[in-house]
Amino acid sequence: MPETWTSQQCAEAWGVKTPTWLGYVSRGQAPPPLPGPQKRWDPDAVRDFPRPGAGRSRSAASPEVLGLLDDMAEVTTRIDELQARQRELARAGKAAGAEVRAMARALGVSPQTVYGWLEN
């Protein structure tokens with residue numbers, strides 16, 4: 001007998017709560033249940049169905065979307081590294097006697113941001 005999923009298993013696969021899953025099903029935004037007395041779903045149909053909503057999972061994403069998401073994650077990592085470098089430069093500037101306003105202008109941030117970095 002082929003594997004089937006309950007509504008709870010489908011919801012877990014999509015990363016949502018069971019009532020949300022059932023709402024998707026009732027609006028046609030998820031695959032319909034298999035025929036039978038109990039609501040059960042084909043796991044492959046659930047995995048392959050394009051999930052609605054802003055939080056859609058990667059399991060239904062196209063290769064192009066997956067590539068874009070990977071690019072976004074890489075940019076975020078680089079931004080974090082650059083922000084850490086900004087903090088290092090602000091501390092070095094303070095140690096060298098630079099004024100906060102001058103550092104803020106050079107770093108492209110507000111003086112309050114520089115003050116916050118120097119407190120930590």
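Select Gly15 first: this residue, just after helix 1, takes a positive phi of about 75°. The model on display is a predicted one, and the tour proceeds from this glycine back into helix 1 and then onward to the later helices.

**Helix 1 and its buried side**

Select residues 7-14, which form helix 1. Within this helix, colour Ser7, Cys10, Ala11 and Trp14, which are buried. These four residues lie on the same side of helix 1, because they cover an arc of only 100° around the axis. A general rule helps in reading this view: an α-helix has 3.6 residues a turn, so residues three or four places apart point the same way. Next, display helix 2 and helix 3 (43-48), which are among the elements covering the buried residues of helix 1.

**Three residues of helix 1**

Begin with Ser7, which lies in helix 1. Ser7 counts as buried because its relative accessibility is 18%, and the cut-off for that term is under 20%. Leaving out residues up to four places away in sequence, Ser7 touches Thr18, Trp21, Leu22 and Trp41.

Move to Cys10. Apart from its neighbours within four places in sequence, this cysteine is in contact with Trp5, Trp21, Trp41 and Val46.

Then select Trp14, also placed in helix 1. Trp14 has a relative accessible area of 3% and is therefore buried. With neighbours within four places in sequence set aside, its contacts are Trp21, Tyr24, Gln29, Ala30, Pro31, Val46, Phe49, Arg51 and Pro52. To gain a sense of scale, draw a line from Trp14 to Ala84: the two are 70 residues apart in sequence, and their C-alpha atoms are 35 Å apart in space.

**The nonpolar cores**

Now select Trp5, Cys10, Ala11, Trp14, Val16, Trp21, Tyr24, Val25, Ala30, Trp41 and Val46 together; these 11 residues make up the largest nonpolar core. Helix 1 and helix 2 (18-26) each supply at least two residues of this core. A second core, separate from that one, has 8 residues, including Val100, Leu107, Val114 and Trp117. In soluble globular proteins, nonpolar side chains tend to be buried together.

**Helix 5 against helix 6**

Select residues 100-107 for helix 5 and residues 111-119 for helix 6; their axes come within 8 Å and cross at roughly 105°. The two helices are therefore roughly perpendicular to each other. On the helix 5 side, show Val100, Arg101, Met103, Ala104 and Leu107; on the helix 6 side, show Pro111, Val114, Tyr115, Trp117 and Leu118, which complete the contact. By type, the residues of this contact divide into 9 nonpolar, no polar and 1 charged.

**Helix 4 against helix 6**

Keep helix 6 in view and add helix 4, residues 63-96. Helix 4 and helix 6 pack with their axes 9 Å apart, at an angle of about 85°. This pair is therefore also roughly perpendicular. In the contact, Gln86, Arg87, Ala90, Arg91 and Lys94 of helix 4 meet Val114, Trp117 and Leu118 of helix 6. The residues here divide into 4 nonpolar, 1 polar and 3 charged.

**Final stop: Gln86**

Finish by selecting Gln86 in helix 4. Is this residue buried or exposed? Gln86 is buried, because its relative accessible area is 18%, below the cut-off of 20%. Apart from neighbours within four places in sequence, Gln86 is in contact with Leu107, Val109 and Trp117. Of these partners, Leu107 and Trp117 are included in the second core.

Definitions and conventions: Residues are numbered from 1 along each chain as its sequence is written. This is a predicted model: local features need pLDDT of at least 70, side-chain atom pairs count only at pLDDT 80 or more; totals for chains, interfaces and linings use all residues. Side-chain values use heavy atoms; hydrogens and water are left out. Buried means under 20% relative accessible area, exposed over 50%, partly exposed in between (1.4 Å probe, protein chains only). Contact means heavy atoms within 4.5 Å. A nonpolar core is a set of buried Ala, Val, Leu, Ile, Met, Phe, Trp, Tyr and Cys residues joined through side-chain atoms within 4.5 Å. The arc is that of the directions from the helix axis to the C-beta atoms. Axes are lines fitted to C-alpha atoms, for helices over the stretch in contact, and angles run from 0 to 180 degrees between N-to-C directions. Angles under 35 degrees count as roughly parallel, over 145 as roughly antiparallel, 65 to 115 as roughly perpendicular and the rest as oblique. Ala, Val, Leu, Ile, Met, Phe, Trp, Tyr, Cys and Pro count as nonpolar, Asp, Glu, Lys and Arg as charged, and the others, Gly among them, as polar.
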